[in-house]
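Hi everyone, thanks for making time for this. I'd like to walk you through a single chain, and please have the sequence and the structure open while I talk.

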Amino acid sequence: MKRAATLSAADRRLIAAARAAIKCRYRDDWQEVGAALRTRSGKVFTGVNLDAYLGRMAVCAEAVALGRAVVDSGDAGIDTIVAVRHPPPTDKDRTIAVVSPCGACRELIFDYDRKARVIVPNGKSPKAVPIAELLPNKYTRGPER
Ligand SMILES: [Zn+2]
C-alpha cells in the first residue's frame with residue numbers, strides 16, 4: 001500500500017508542533033529550525049537545531065528530535081518527520097515554513113526508519129514523501145543487498 005502524499009490531520013499537528021518548538025526557542029543565528037517527528041507508536045517529539053561557535057559541532061533539529069525520541073521510547077521508528085525554518089527578525093515574511101531535510105539528516109532518517117515519511121515543501125501546501133525518494137543510491141559500507 002502506498003502511503004498518501006497528502007497530509008492528514010496528524011501531519012498538520014506535527015507541523016504545528018515543529019512551529020511551536022522553534023517559536024518558543026528561536027534565537028537569532030543560534031536556533032532557527034524546529035522539527036517534530038511522530039514515532040510508529042504515535043508519540044510526538046520535537047527538537048530545535050543547536051548551532052555552535054565551532055560549526056562542525058552544530059546539530060540539526062531533526063537529530064535533536066530523534067535523540068529525544070530514542071531516549072524516551074527506544075528505537076520506536078519514525079512514522080513521519082518535518083522541519084520548519086523561523087525567519088530572521090529582518091524578514092518581512094513571518095512565515096515559519098516547512099523546509100527539506102539536509103543531506104545528513106536524510107541519511108539519519110533513513111538509518112532509523114527506511115519507511116519514514118518526510119513532509120517537504122510543495123508550493124503552498126506541503127506534501128509527504130518516503131525517505132527513500134529523497135535519498136536515491138544511499139551510501140552503504142559494503143556491497144548492496
Ligand atoms: Zn539536517
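Before anything else, please keep in mind that this is a predicted model. I'll begin with the empty space inside, then move to the helices, and finish with a few individual residues.

So, cavities. Rolling a probe the size of a water molecule over the atoms shows where empty space is left. How many cavities of 30 Å³ or more does the count give? The count comes to 2.

Let's take the largest cavity, which holds about 50 Å³ of space. Its lining has 7 nonpolar, 3 polar and 1 charged residues. If you want to click through them, the lining residues are Leu37, Thr39, Leu66, Ala69, Val70, Gly74, Asp75, Ala76, Gly77, Ile78 and Tyr112. Two elements give two or more residues to this lining, namely β1, residues 33-39, and α2, residues 61-73. Which of the elements has the largest share? That is α2, with 3 residues.

Now for the second largest cavity, with about 30 Å³ of space. Around this one you'll find Glu62, Ile81, Val82, Ala83, Val99, Pro101, Ile109, Val118 and Ile119. By class, that lining divides into 8 nonpolar residues, no polar ones and 1 charged. Here β3, residues 78-85, and β5, residues 117-120, each supply at least two lining residues. The largest share, 3 residues, comes from β3.

Let's turn to the helices, starting with α1, residues 9-25. This helix has 17 residues, and from its first C-alpha to its last it reaches 25 Å. That is close to the 24 Å expected at 1.5 Å a residue. Which residues of α1 are buried? They are Asp11, Leu14, Ile15, Ala17, Ala18, Ala21 and Ile22. Looking down the axis of α1, these buried residues fall within an arc of 155°, so they line one face of the helix. If you rotate to the other side of α1, you meet the exposed residues Arg12, Arg13, Lys23 and Cys24.

Helix α3, residues 103-112, can be read in a similar spirit. Its buried residues are Cys105, Ile109 and Phe110. They cover an arc of only 135° around the axis, which puts them on the same side of α3. On the face turned away from that buried side, α3 carries the exposed residues Ala104 and Asp111. You may remember Ile109 from a moment ago, since this residue is also part of the lining of the second largest cavity.

While we're talking about cysteines, let me cover disulfides. A disulfide is a covalent bond between the sulfur atoms of two cysteines. How many disulfides does the count give here? The count comes to 0. As for exposure, Cys60 has a relative accessibility of 30% and counts as partly exposed. Cys102 is partly exposed as well, with a relative accessible area of 34%.

Next, a word on the backbone. Most residues other than glycine have a negative phi, and most peptide bonds are trans. With that in mind, have a look at Asp29, where phi is near 70°, a positive value in a residue other than glycine. Asp29 lies in the loop between α1 and β1. Is Asp29 buried or exposed? At 54% relative accessibility, Asp29 counts as exposed. Asn137 is another case, with a positive phi near 55°. You'll find Asn137 in the segment after α4, residues 131-134. Asn137 is exposed too, with a relative accessible area of 74%.

Last stop: the loop between β3 and β4, where I picked out two residues. One of them is Arg94, which is found in this loop and, at 45% relative accessibility, counts as partly exposed. The C-alpha atoms of Arg94 and Asn49 are separated by 19 Å, and these residues are 45 apart along the chain. The other is Ile96, also found in the loop between β3 and β4. At 9% relative accessibility, Ile96 counts as buried. Ile96 and Glu32 are 64 residues apart along the chain, and their C-alpha atoms are separated by 9.6 Å.

That's my tour. Thanks for listening, and I'm happy to go back to any part.

Note on methods. Residues numbered from 1 in each chain as written. Predicted model: local features only at pLDDT ≥ 70, side-chain atom pairs only at ≥ 80, totals over all residues. Heavy atoms only, no water. 1 Å grid on protein atoms, 1.4 Å probe; cavity = no way out; pocket = protein on both sides within 12 Å on 5 of 7 lines; lining within 4 Å. Points joined across faces, edges and corners; volume = space filled by probe spheres on them. Helix = DSSP H or I, 4+ residues; strand = E, 2+ residues; numbered from the N terminus. Nonpolar A, V, L, I, M, F, W, Y, C, P; charged D, E, K, R; others polar. Disulfide = S-S within 2.5 Å. Buried < 20%, exposed > 50% of the residue type's maximum accessible area, 1.4 Å probe, protein only. Expected span 1.5 Å × (residues − 1). Arc of directions from axis to C-beta.
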